[in-house]
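User: Could we walk through this protein together? I would like to start with its pocket and then turn to its sheet.

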Amino acid sequence: MSGGSEKDATERTETILVIEDDRSLREGLALNFKLKGFHVLTAADGEEGMQKAFDVRPDLIVLDIMLPGYSGLEILQELRERHQDVPVLILSARDTLDNKVEGLGLGADDYLTKPFELEELLARTEAMLRRRRMNQLAEPKIAFGDVEIDPAGRQVTVVGEEVALSAKEFDLLVLLARSPGRAFSREEILERVWGWGFEGTARTVDNFILVLRQKLEVDPANPRHIKTVRQVGYRLDPT
């Protein structure tokens, strides 16, 4: 299966995760996505797919339904329950209306039945990624105090000066800032920021909060914005 050529490849930053137990199909899709210039990861079963979906945070997932271990629908449900909005294209030999309704109802963005035309799959994934890019660009900046967050550009400034944050520091800050005033437990923060299967402890969250306060707060010892919620976790107070 090859619908592209070396001339198609352009430098891209997006990552596509293909979760498919059929080796020939999995490798064929990976090859064609690579020819289009994407970074591609693959998984051959549900457990590996679940792990990579949360650890890597891909930009798009091509997901088979019938998998060893976790099914594709279980992976999809777990993603949506944990508020992961990555676009998901389901691949399935099941072509009944009920099957499609079930997959779309769980949060799939598109559904393609096997066998399929490669060019159609490539076109659909391109369209899904294009919508994702547009949504990211449309996301407004978030401001509190002297801090401004640009989610699309993954940049943070304090009084107009850019502050360097690690990927996890940025993800944690955005999680809090998108829901100002809401208290997040340490356990939920671990799940939402570090992903499924991470073996860290509540102390991991505490350490990252400490770093964020040092980088963003005027008085880290008496934070104005990144507040501790006793016996629960943390919240962001924008005032």
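User: In the lining of the largest pocket, how many residues are charged?

Analyst: Happy to help! This is a predicted model, where local features need pLDDT of at least 70, side-chain atom pairs count only at pLDDT 80 or more, and totals for chains, interfaces and linings use all residues. Residues are numbered from 1 along each chain as its sequence is written, and side-chain values use heavy atoms, leaving out hydrogens and water. On a 1 Å grid over the protein atoms alone, a pocket is an open set of points where a 1.4 Å probe fits, with protein on both sides within 12 Å along at least five of seven lines, and lining residues have an atom within 4 Å of a point. Besides 16 nonpolar and 7 polar residues (Gly counts as polar; Asp, Glu, Lys and Arg as charged), the lining has 15 charged ones.

User: Which helix gives the largest share of that lining?

Analyst: Helices are DSSP runs of H or I with at least four residues, and strands are runs of E with at least two. H2, H5, H6 and H7 each supply at least two lining residues. The largest share, 7 residues, comes from H5.

User: Which strands stand at the edges of the sheet?

Analyst: Strands pair if DSSP finds at least two bridges between them. Here 5 strands form an open sheet with parallel pairing, in the order S2-S1-S3-S4-S5. Two strands have a single partner each, so one side of each is left without a neighbour in the sheet: S2 (39-43) and S5 (110-113).

User: Which residue in S3 stands opposite Ile-19?

Analyst: S1 (residues 15-19) and S3 (residues 60-64) pair in the parallel sense over 4 bridges. Opposite Ile-19 stands Leu-63.
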